[in-house]
Amino acid sequence: RHLLSTHGTIFRLTCPYTSQQNGRVERVLRALNESVRALLFHAHMPPRFWPDALATATLLLNLRPCKP
């Protein structure tokens with residue numbers, strides 16, 4: 001905990017199997033899934049290209065501007 005706090009990370013424990021406590025993570029995962037589906041649908045690609053579309057969606061999500 002000391003190492004995390006020195007680097008500005010807040011350490012919080014959550015109950016296992018309760019995804020409701022991870023709202024931000026759930027929103028990011030939902031955004032990634034929707035992006036992957038949109039990429040595959042609009043490109044008329046079969047589902048076997050899901051890993052490639054996921055890599056592209058992750059890159060696009062990381063490149064977008066965000067509020068500090």
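Three helices and 0 strands make up the secondary structure of the protein chain, in what is a predicted model. Walk along the sequence and the pattern reads α-α-α. The chain's radius of gyration is 16 Å, well over the 11 Å that the globule rule gives for 68 residues, so the chain is more spread out than a compact globule. For a feel of the proportions, the C-alpha trace spans about 50 × 30 × 20 Å along its principal axes.

What about burial? Of the 68 residues, just 9% count as buried. The chain exposes about 6,400 Å², and carbon and sulfur atoms supply 61% of that area.

Now let's go helix by helix. H1 covers residues 2-6, and Leu4 is found in it. Leu4 has a relative accessible area of 31%, so it counts as partly exposed, given that this class runs between the 20% and 50% cut-offs. Together with Phe11 and Leu13, Leu4 makes a nonpolar surface patch of about 290 Å².

There's a charged patch to look at too. Which residues gather in the patch of positive charge on the surface? They are Arg12, Arg24, Arg27 and Arg30. Pick out Arg24 from that group: it is found in helix H2, which takes in residues 23-42. Is Arg24 buried or exposed? Its relative accessibility is 66%, and because the exposed class starts over 50%, Arg24 counts as exposed.

Leave H2 and you come to the loop between H2 and H3, where His44 lies. The backbone is worth a look here: phi of His44 is near 55°, a positive value in a residue other than glycine. His44 is also exposed, because its relative accessible area of 71% is over the 50% cut-off.

On the other side of that loop is helix H3, residues 50-63, and Ala55 is found in it. How exposed is Ala55? With a relative accessible area of 48%, Ala55 falls under the 50% cut-off, so it is classed as partly exposed. Ala55 also gives you a handy pair to check in the viewer: Ala55 and Val36 are 19 residues apart in sequence, and their C-alpha atoms are 8.9 Å apart in space.

So, to put the pieces back together: the chain follows the α-α-α pattern and, with a radius of gyration of 16 Å, is more spread out than a compact globule. Its surface carries a nonpolar patch that includes Leu4 and a positive patch that includes Arg24.

Note on methods. Residues are numbered from 1 along each chain as its sequence is written. This is a predicted model: local features need pLDDT of at least 70, side-chain atom pairs count only at pLDDT 80 or more; totals for chains, interfaces and linings use all residues. Side-chain values use heavy atoms; hydrogens and water are left out. Patches are made of residues with over 30% relative accessible area and no salt bridge: like charges are joined within 9 Å, nonpolar side chains (Val, Leu, Ile, Met, Phe, Trp, Tyr) within 5 Å. Accessible areas come from the Shrake-Rupley method with a 1.4 Å probe; for residues, only the protein chains shown count as cover. A salt bridge is a side-chain nitrogen of Lys or Arg within 4 Å of a carboxyl oxygen of Asp or Glu. Lys and Arg count as positive and Asp and Glu as negative; His and the chain ends are not counted. The place of a charge is taken as NZ of Lys, CZ of Arg, CG of Asp or CD of Glu. Helices (H or I, at least four residues) and strands (E, at least two) are DSSP runs, numbered from the N terminus. Buried means under 20% relative accessible area, exposed over 50%, partly exposed in between (1.4 Å probe, protein chains only). The radius of gyration is taken over C-alpha atoms; the globule rule is 2.2 Å times the number of residues to the power 0.38.
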